Amino acid sequence: MTSRYAKRLQKELLDLKTNPPPCISITEGDNLDKWVIAVDGTEGSIYQGEHFKLQFKFSSGYPLDSPEVIFIGTPPIHPHIYSNGHICLSILYDNWSPALTVSSVCLSILSMLSGCTEKIRPTDDSKYVSRVLNKSPKEVRWMFHDDTV
Amino acid sequence: MKVTIKSIWNTVSAWHWDVNEECCGICRMAFDGCCVDCKIPGDDCPPVWGVCNHAFHMHCILKWLNANELQQCPMCRSEWRFKSDEK
C-alpha cells in the first residue's frame, strides 16, 4: 500500500503482534492491505471453545475510510452476522471513526459475540446473502436497529 | 575597552506543543512531530482543539471533517466545534 497513513498501520500491526488483546491474535499481516485475525470465543460465552477468523482490508484512505471487515471461513452463528461473513455493526460503516483501531474493532466484535445468548442467524439471512452476492459489506446500506447484542 | 572572553556558551533550546496526549488520534503520529502530509514539525502543522478538549493535528481533523457529513469528534462523537481561545 502506498498510503501516507501506512505508518499508522505499521504501528497497529506491531502493537497487535507484541501486545494483543485477550482472545485476539493476528495470523496474517505480511502486507498492509489485508490482515487475518484469529478470534477465540471468550470463556463463559456461548462461543467458548470456538475459533473464528476475521479479515480486514484497508483502502489507501484508512483510517479516514473504514476497513472492510468480514468473517472468513465459518462465521459465528449470531443474529447480526450473516452466513457470508458480513457483520451488521454500525462502527464498521456509518459510525466509523478514525480514532478506532483494528484492535478496538476486534474487541467490539468480540463483545458483540459475548453478549449474545442464542445462536441464531439474522432473520433475513438467505435474502441478504442472495442479494449482495460478492459485494463488499461497505457497499450495502445498513439499517441499525437492535443494540441489545 | 578590552574584553576577555572567559568561556564560550552553547545555547540550546527545545519546544513542544502543550498537548496532554502524545499523539494524534487520527494519524497516530506525535504532536511534536507532524501529520503524514507534512515534513517539518512546528507552526505549519499545529494541533487544534475541539470544544470537547480533544486534540488532533489540524490537517488530520480537517481531512476527517471534509470527508464526512457528520461533523463529529473522532474520539467522543460530540459535535465538533473548534475551540476558539488558543490553549
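Helices are taken here as DSSP runs of H or I of at least four residues, numbered from the N terminus. In the predicted model, helix α3(A) is followed by L133(A), a residue with a positive phi near 50°.

Helix α3 of chain A covers residues 125-132, and its buried residues are D125(A), Y128(A) and V132(A). Viewed down the axis of α3(A), these buried residues fall within an arc of 70°, and they therefore line one face of the helix. Exposed positions lie on the other side of α3(A), where S126(A), K127(A) and R131(A) are found.

In chain A as a whole, 3 helices and 4 strands are present. Their order from the N terminus is α-β-β-β-β-α-α.

The overall dimensions of chain A were then considered. For 149 residues, a compact globule would be expected to have a radius of gyration near 15 Å; the value for chain A is 15 Å, which agrees with that expectation. The C-alpha trace of chain A extends over about 40 × 35 × 25 Å along its principal axes. Among contacts in chain A with a separation of 6 or more, 58% are made by residues 24 or more positions apart.

With respect to burial and surface, 50% of the 149 residues of chain A count as buried. The accessible surface of chain A amounts to about 7,600 Å², and carbon and sulfur atoms contribute 49% of this area. Chain A carries 15 positive and 17 negative charges, and the mean positions of the two sets are 7 Å apart.

Note on methods
Residues are numbered from 1 along each chain as its sequence is written. Chains are lettered from A and ligands numbered from 1 in the order in which they are written. This is a predicted model: local features need pLDDT of at least 70, side-chain atom pairs count only at pLDDT 80 or more; totals for chains, interfaces and linings use all residues. Side-chain values use heavy atoms; hydrogens and water are left out. Helices (H or I, at least four residues) and strands (E, at least two) are DSSP runs, numbered from the N terminus. The radius of gyration is taken over C-alpha atoms; the globule rule is 2.2 Å times the number of residues to the power 0.38. Buried means under 20% relative accessible area, exposed over 50%, partly exposed in between (1.4 Å probe, protein chains only). Contact means heavy atoms within 4.5 Å. Accessible areas come from the Shrake-Rupley method with a 1.4 Å probe; for residues, only the protein chains shown count as cover. Lys and Arg count as positive and Asp and Glu as negative; His and the chain ends are not counted. The place of a charge is taken as NZ of Lys, CZ of Arg, CG of Asp or CD of Glu. The arc is that of the directions from the helix axis to the C-beta atoms.
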